[in-house]
Amino acid sequence: MATPRVFIIRHGETEWSLNGRHTGTTELPLTSNGEKRIRATGQALVGDDRLIVPSQLAHIYVSPRKRAQKTLELLNLGCRDGLPWQEQQVLEGRLTRTDAKVQIEENIREWDYGDYEGLTSSTIREQRRKNGEGPWDIWRDGCPGGESPGDVTRRLDRLIDDIRSRFHGRSGHIEAESTPSDVLLVAHGHILRAFAMRWIKRELTEGVSLLLEAGGVGTLSYEHHNLDEPAILLGGAFMVDVVESAGRLK
């Protein structure tokens with residue numbers, strides 16, 4: 001089979017993500033523009049000949065926050081069993097594209113910002129200056145009244161272990177199998193960047209020079225077809241057979 005992948009998708013734009021306010025436990029809806037962009041992402045990246053092939057998904061993890069769950073809805077993956085928060089009648093007459101189960105996962109909730117919830121980075125820096133505190137770096141310092149880098153690391157490591165043991169196998173070279181092996185995570189900006197770092201076994205305190213915009217999509221996988229070599233996939237090549245088939249249809 002192809003090397004297993006983990007797709008990480010940040011929820012769509014909210015009012016607070018738009019103006020840079022740290023949003024952990026606060027429930028906020030997507031903006032109208034945020035919803036439109038997620039629908040466009042689904043149309044562009046989800047499909048049998050796209051980056052995310054629904055039939056190849058083994059499992060889907062989503063944050064407990066409603067903005068992440070709405071994002072998953074708008075991607076239109078076509079889950080056979082529907083989404084845990086939807087009414088049964090929503091499933092009737094709906095196109096099925098994947099057998100992957102959807103799991104609401106606490107370990108992928110956003111970083112708990114504690115006292116910094118709802119504040120922008122500039123406001124946090126100004127508060128700390130007035131209090132005689134030093135510069136702030138969430139990857140080093142965490143959040144007072146919230147989570148430390150160690151707290152976040154422990155819960156993400158539990159999730160990564162769950163993914164590898166259930167869907168990828170714990171170690172060694174990947175065997176040729178036909179079962180789906182890709183995994184999808186829909187969550188938040190800081191936690192998904194932290195997830196990417198822990199995926200490649202890097203400490204958060206080293207600093208995380210990774211960006212993931214609202215509605216952005218990232219891909220993680222393994223190097224050399226080896227489960228002992230987790231890697232960040234910066235870009236993939238086009239599939240030749242798909243391109244040739246598209247050409248014949250013109």
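The largest nonpolar core of this predicted model has 36 residues, and those with the most contacts inside it are Val6, Ile108, Ile163, Leu185 and Phe195. Seven elements are named as giving two or more residues to this core: strands E1 (6–10), E2 (57–62), E4 (182–187) and E5 (217–222), together with helices H5 (138–141), H6 (149–168) and H7. H7 gives the most, with seven residues. In soluble globular proteins, nonpolar side chains tend to be buried together.

Ile163 offers a way into this core. Residues up to four places away in sequence aside, Ile163 touches Val6, Tyr61, His168, Val183, Leu185, Phe195 and Trp199. A second core, separate from the one just described, has 20 residues, including Phe7, Cys79, Ala100 and Leu184.

The two helices H6 and H7 deserve a closer look. In H6, the buried residues are Pro149, Val152, Thr153, Arg155, Leu156, Leu159, Ile160, Ile163, Arg164, Phe167 and His168. Just after H6, Gly169 adopts a positive phi of about 85°.

For H7, eleven of the eleven residues are buried, so this helix is largely enclosed by the rest of the structure. Among the buried residues of H7 are the nonpolar Ile191, Leu192, Phe195, Met197 and Trp199, and Arg193 and Arg198 are buried as well. These buried residues of H7 pack against strands E1, E4, E5 and E6 and against helices H5 and H6. Just after H7, Lys201 takes a positive phi of about 65°.

Strand E2 contains Leu57, which at 3% relative accessibility counts as buried. With its neighbours within four places in sequence left aside, Leu57 is in contact with Phe7, Ile52, Leu77, Thr98, Ala100, Pro180, Asp182, Val183 and Leu184. One of these partners, Pro180, is 123 residues from Leu57 in sequence, yet the two C-alpha atoms are 5.5 Å apart in space. Over the chain, residues 24 or more positions apart account for 72% of the contacts with a separation of 6 or more.

These elements belong to a chain with eight helices and six strands. Read along the sequence, they follow the pattern β-α-α-β-α-β-α-α-α-β-α-β-β-α. Of the 250 residues of the chain, 46% count as buried.

Burial also extends to a loop. Thr14 is found between E1 and H1, and with a relative accessible area of 1% Thr14 is buried. Residues up to four places away in sequence not being counted, Thr14 touches Leu28, Pro29, Leu30, Thr31 and Arg67.

Two cysteines are likewise enclosed. Cys79 counts as buried at 5% relative accessibility, and Cys143 counts as buried at 6%. With a disulfide taken as a pair of cysteine sulfur atoms within 2.5 Å, the count comes to zero disulfides.

The next feature is an open one. The second largest pocket has a volume of about 400 Å³. This pocket is lined by 25 residues, of which Arg10, Trp16, Ser17, Gly20 and Arg21 lie nearest its centre. Helices H1 (15–19), H2 (32–45) and H7 (189–199) are the elements that give two or more residues to the lining. H7 thus appears in the lining of this pocket and in the largest nonpolar core. The lining residues of the second largest pocket divide into six nonpolar, twelve polar and seven charged.

Finally, the backbone of one loop calls for comment. Most residues other than glycine have a negative phi. His224 has a positive phi of about 55° although it is not a glycine, and His225 likewise has a positive phi of about 55°. His224 is found in the loop between E5 and strand E6 (230–232), and His225 lies in the loop between E5 and E6. As for accessibility, His224 counts as exposed at 55%, whereas His225 is partly exposed, with a relative accessible area of 29%.

Key. Residues numbered from 1 in each chain as written. Predicted model: local features only at pLDDT ≥ 70, side-chain atom pairs only at ≥ 80, totals over all residues. Heavy atoms only, no water. 1 Å grid on protein atoms, 1.4 Å probe; cavity = no way out; pocket = protein on both sides within 12 Å on 5 of 7 lines; lining within 4 Å. Points joined across faces, edges and corners; volume = space filled by probe spheres on them. Helix = DSSP H or I, 4+ residues; strand = E, 2+ residues; numbered from the N terminus. Core = buried A, V, L, I, M, F, W, Y, C linked by side-chain atoms within 4.5 Å. Buried < 20%, exposed > 50% of the residue type's maximum accessible area, 1.4 Å probe, protein only. Contact = heavy atoms within 4.5 Å.
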